[in-house]
Structure formats: structure tokens, C-alpha cells
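Welcome! Here are a few short exercises to work through with the structure open beside you. Try each task before reading its solution.

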Amino acid sequence: MAKGLGELLVKENLINIEQLEKAKKEQKSYGGRLSSALVKLGYLNDSQLAEFLSKQYNIPAIDLEKFTIDPEVIKLVPKKMCEKYKVIPVSRSGDTLVLAMADPSNVYIKDDLFHITRLKITPVVASEHAIEASIDRYYATNTNFESIMTEMEKETTITEVETEGSVIVDTDQSEDSPVIKFVNLILNEAIKRKASDIHIEPYEKNFRVRMRIDGGLFEKIQPPAGISGAIASRIKVMSKLDISEKRRPQDGRLKVKTKDNKEIDFRVSVLPTLFGEKVVMRILDKSNLQLDLTKLGFEEDDLPTFKDALAQPNGIILITGPTGSGKTTTIYSALHELNKPDVNISTAEDPVEFNLEGINQVQVNAEIELTFAAALRSFLRQDPDIIMVGEIRDYETAEIAFKAALTGHLVVSTLHTNDAPSTVNRLINMGVEPFLVTSAVNLIVAQRLVKKICTNCKTTMPIDSKALLDLGFREDEVGTFEVCKGEGCDRCNDTGYKGRISIYEMLKFNDEIKTLIFQGVSPLELKKAAVRGGMKTLRRAALNKVKAGVTTIEEVVSVTGKD
């Protein structure tokens, strides 16, 4: 069949003889079907192959990436059978089972599956690669989660285990209790999916686990409601929290070591709710921390501005934006750039998210009166060159930070404001004198995170010129670029997005800006003057990402509002 398929593909001019020979060598070296070798080498894609097979066998083709299979249908055929025959059940109607097959000519497959399912088999065609991807997608979730859930329904108590604050993430721990296996599986899944947070939430009649991936929350599973307490207790044991205290919030940390010896920190927060303890775990994976300034999302002409501010011997650089806008990553990237053997860097953080070699990091602790202001005072007696303050929250912290900036230190800090110009008013409202703002601040950077289009399912889309103009594009830009979107695939959880990138708005203090600050003008007037001086707004930065095919129009509107 493999030889016949190759000859037919050559005859149809879908591949040439040279490509066929290379695919046969690939097949001989690594096994599998000829069709898989052709797809792997890039000579054909899944849709071309499925369409070709559909014509050859006169059987409909199916695009498995765009088709959602009911979990009840998946249960009809064992995973081992699907892997053996390269098939996957697609849907059921009465006594008929629709089966996606890589080789519809194999009558033995239909006979075997009829005896297993007692259903009539109606074949449809899909490529072997697409079937394998669907098997991984559907059976991985069901076999791992559901088998453990079945065990957990029988066992609702936890065996407390002494830990050193670390646990090996391993989904194959047959001797462990189902609760331990389930928690490890959740941690493993979150790491694999590059989630930023895990939410474990008990309600009156159900219990769910959600993960935040690329800024959005996705429900992963609903375990049996009766085991919510056991799962919370297991996580508290791992985080060295008090498992007997269920009335007060608790915070802790957990270090996980994976099989490949990668260590990942989890920041754990336990909150008593009406129906049990809600657990939220923030995943702090240092391997995902992007410390290369050139890859954060800076525009070509903005990156030199940022680096120039970092190169100043004194002054303040303020990074602003709401929670979850990527400020920490930008600051750590800046510190990484500044971290040299001849420089003394001290940071006050709440909390310390990542450990950076060569930098003196202090964890703020209000309970022992180690506040940002107290840490700052101590830093000034530690011969610092560069100081990082996690956040300027009050006048006391601001006062010390500005004095440090005016006495020969470079200070980097954050504020929670909507854009760069409004940061000036926030500082003045906090009690900082306008002359201090204009003399000490080197640069104000406002930022947001926008989702990136998934490169696997990226496609262009038509859009009306008026809509582009309404969005903020100039007339001379319309028609010079294509607007893209993601159609949704298994790699991006059918969202069309994979990963995020920062957009930046940078306010430099020229003479006009300084004069307006002394005059006490509104943030809007300040913004207009900054734009006249060359500042790109957050909206403009986002539009540039649309032009580059990095993000979508929907994401621009969602992140930057109706500016």
C-alpha cells in the first residue's frame, strides 16, 4: 500500500520522484507509514494528504483540528487500539460509529472494532499525523485525570507525608495515594502548558481546577466535590502550611523538581471560602523568564531610549501598569542588563519572584516592619549603585526613592497607573514635589501584555478600510499590510493565541513636558504634549504589532480600550 500511495502521489504531481525516495529513506530509518514521512519532511500537509486519500477511497475527509469529539465517544475505543491502528472515534449516531482512519482500505480494523464496540463502523479519512495528535489530545486528558478521579472517589482522606518542601513531579507513582498523584498531575500539566496560575476552587455542589494560560482562565477538570479538602491539605503539607488552620488565609511556597532536574517555584495562597479552602498557585518558572530586552516587545526606536535611561548613573526609571502587565519581567530584564561584577544592586520586593545571581534581594515583610521604606533606608547604608523598589505605594517610600535618585543612585521601581502621563499626577498626588519629579525621573514606561497569534494556525482575514481608520491607523498605512488571526488548533487550546508580548509607552522629559508639569496640567494635556514630542501611545504600539502580524485587532481593543 505504501508503494502504491507514493506512486499515486507522484502521478497526481503532489510530490516528485526525488521527494518520494527521500520519504522512503526516512520511513526505513524511523519506521511508520510513508504518509507520515512525507508530512514530517514537509512535502505534504495534513489537509492535502486527507483530501487526496478522500478522493482515492471515495470517503469523506475530516479536519480533526476543527472538530471537537465528545468524551463519551472517546471511551468507546481503547487508546491502545487507536494507537495500533491509527484511528480515532469521532461521533456516534444510534448504532453507528464514525471512525477517522489513516488507512480506510483495512477491513480488519473495521471487523476488530465492530467486535469491541458492537457498532457499525462508518469510516472517514484523516492523516496519520492528525490522528496521532488527536489521540494525544483526547486520551491523555481522559486516561490520566479520569482514572485518578475514579480512585479518588473511593478514597477521600489524605495520608500526610513529611516533605522537605520539594516533590518530584511524576505522573507514574503507582504506590502513592490518589490525592498525591492527582496534585502531582495538576502541577505537571500546568508546567507543560506553561500556565501562570492554578486555581483550585470548591463550591457547594462541584469542585473545579482552572489554569491561567496566556492571561485567560481555562477550566481543566471537575474532580469529585468530596475530595476538595484532601487536595487542599496535600498542597498545604507540601507548602509547609498549618493543615489544622482552616479559618484564616495562609501563604507559602513550594519547590517542585521535575524529572529533567528543572526546579520550579510555586507561590501558594490558601483562602477560606464558604464551601472550603480555595488554593491559588502562582508558577514561577525561571526557565520561562525572558531576560533578553530585545525579545520583550520594544519597538526598534524605543529600545535605545530604554537602554539610555538604564545607562544613566542616577535618577529614577518607573515601570507602570496594572497587575499582570509584565512589569516584573521588564524590571528583571533591566536588572539583568545592569548586573555587572563592578556594580552593587539591591532590591526590595514583595514577594521575591525569581532569584537572580549576583543581586541582593530582600523580601518585604510588614509583620516585622520590614517595609519598602525601611528596606530603602537600609540600602542607602549598604553602598549601593542601583536600587530596585518593588512598588512605590506611599509618600514615605517615594521620598526616600527620590532622595536616593538625587544623591547618585539609579532607582528602578513600579507604580500602578493606566499610562505614562498619569504617573506624574499620581506622584504629585502622593506628595512628591513637581521639581523633584522633573529633576529625578529619567523615564516613565507604561506597559501591557497582548496575546500573540498562534503561528501554527495563523491566517489572514479581510477587514474594511474604515474599521482600520477607526481603530487608529493612518490613511497611508491602510492597504500596506495584512491583518492576521489564529483559527484555533490543538497547540493553542483552540484559542488562536499562543504566548504574549509586551507593548510599551515611553515618556521622556523634554523642556515642554517639564514646563507643563510645573504648571500642573491634566494627564490628557501632558499626553498630547508627549505625543507631539514623539511618544508612541500604548494603542499605537499595539497597532504596530497588528501590522507586524503578531496580534489581532480584537486583542488591541481588549487591552488598550477605546483610545
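## Exercise 1: A phenylalanine and its surroundings

Leaving aside neighbours within four places in sequence, phenylalanine 473 is in contact with Leu468, Val478, Phe481, Arg540, Leu543, Val546 and Lys547. Keep in mind that this is a predicted model.

**Task.** Find where phenylalanine 473 lies, and decide whether it is buried or exposed.

**Solution.**
- Step 1: Start with the elements on either side. Phenylalanine 473 sits in the loop that runs between α17 (465-471) and β18 (483-486).
- Step 2: Turn to accessibility. The relative value for phenylalanine 473 is 3%, and buried means under 20%.
- Step 3: Phenylalanine 473 therefore counts as buried.
- Step 4: For a sense of distance, look at proline 60. Between phenylalanine 473 and proline 60 there are 44 Å, C-alpha to C-alpha, and the two are 413 residues apart in sequence.

## Exercise 2: Two packed helices

**Task.** Work out how helix α20 is oriented relative to helix α21.

**Solution.**
- Step 1: Locate the pair. Helix α20 covers residues 538-547 and helix α21 covers residues 553-560; they pack at an angle of about 165°, and their axes are 10 Å apart.
- Step 2: Angles over 145 degrees count as roughly antiparallel, so α20 is roughly antiparallel to α21.
- Step 3: Add the handedness: α20 and α21 cross in a right-handed way.
- Step 4: List the residues that make the contact. From α20 come Leu538, Arg539, Ala542, Leu543 and Val546, and from α21 come Ile553, Val556, Val557 and Thr560.

## Exercise 3: Cysteines and disulfides

**Task.** Why does cysteine 457 form no bond with cysteine 489?

**Solution.**
- Step 1: Take the sulfur of cysteine 457. The closest cysteine sulfur, in cysteine 489, is 3.8 Å away.
- Step 2: A disulfide needs sulfur atoms within 2.5 Å, so the sulfurs of cysteine 457 and cysteine 489 are too far apart for a bond.
- Step 3: Try cysteine 492 as well. Its nearest cysteine sulfur, also that of cysteine 489, is 3.7 Å away, and cysteine 492 is in no disulfide.
- Step 4: By this rule, the disulfide count is zero.
- Step 5: Check burial too. Cysteine 457 is buried, at a relative accessible area of 8%, and cysteine 492 counts as buried at 3%.

## Exercise 4: The nonpolar core

**Task.** Which residues of the largest nonpolar core touch the most other members?

**Solution.**
- Step 1: Begin with the general idea. In soluble globular proteins, nonpolar side chains tend to be buried together.
- Step 2: The largest nonpolar core here has 55 residues, and those touching the most other members are Val411, Val424, Ile444, Leu507, Phe509 and Ile513.
- Step 3: Helix α14 (residues 395-406) supplies the largest share of this core, six residues.
- Step 4: Another core lies apart from it, with 31 residues, including Ala195, Ala230, Leu241 and Met281.
- Step 5: Zoom in on isoleucine 444. Beyond residues up to four places away in sequence, isoleucine 444 touches Leu318, Thr320, Ala420, Thr423, Val424, Glu505, Met506, Leu507 and Phe509.

## Exercise 5: The whole chain

**Task.** How many helices and strands does the protein chain have?

**Solution.**
- Step 1: The secondary structure comes to 21 helices and 19 strands.
- Step 2: Of the 563 residues in the protein chain, 49% count as buried.
- Step 3: The C-alpha trace spans about 85 × 65 × 45 Å along its principal axes.

Conventions:
Residues are numbered from 1 along each chain as its sequence is written. This is a predicted model: local features need pLDDT of at least 70, side-chain atom pairs count only at pLDDT 80 or more; totals for chains, interfaces and linings use all residues. Side-chain values use heavy atoms; hydrogens and water are left out. Helices (H or I, at least four residues) and strands (E, at least two) are DSSP runs, numbered from the N terminus. Buried means under 20% relative accessible area, exposed over 50%, partly exposed in between (1.4 Å probe, protein chains only). Contact means heavy atoms within 4.5 Å. A nonpolar core is a set of buried Ala, Val, Leu, Ile, Met, Phe, Trp, Tyr and Cys residues joined through side-chain atoms within 4.5 Å. Axes are lines fitted to C-alpha atoms, for helices over the stretch in contact, and angles run from 0 to 180 degrees between N-to-C directions. Angles under 35 degrees count as roughly parallel, over 145 as roughly antiparallel, 65 to 115 as roughly perpendicular and the rest as oblique. A crossing is left-handed if the near helix is turned anticlockwise from the far one by less than a right angle, and right-handed if clockwise.
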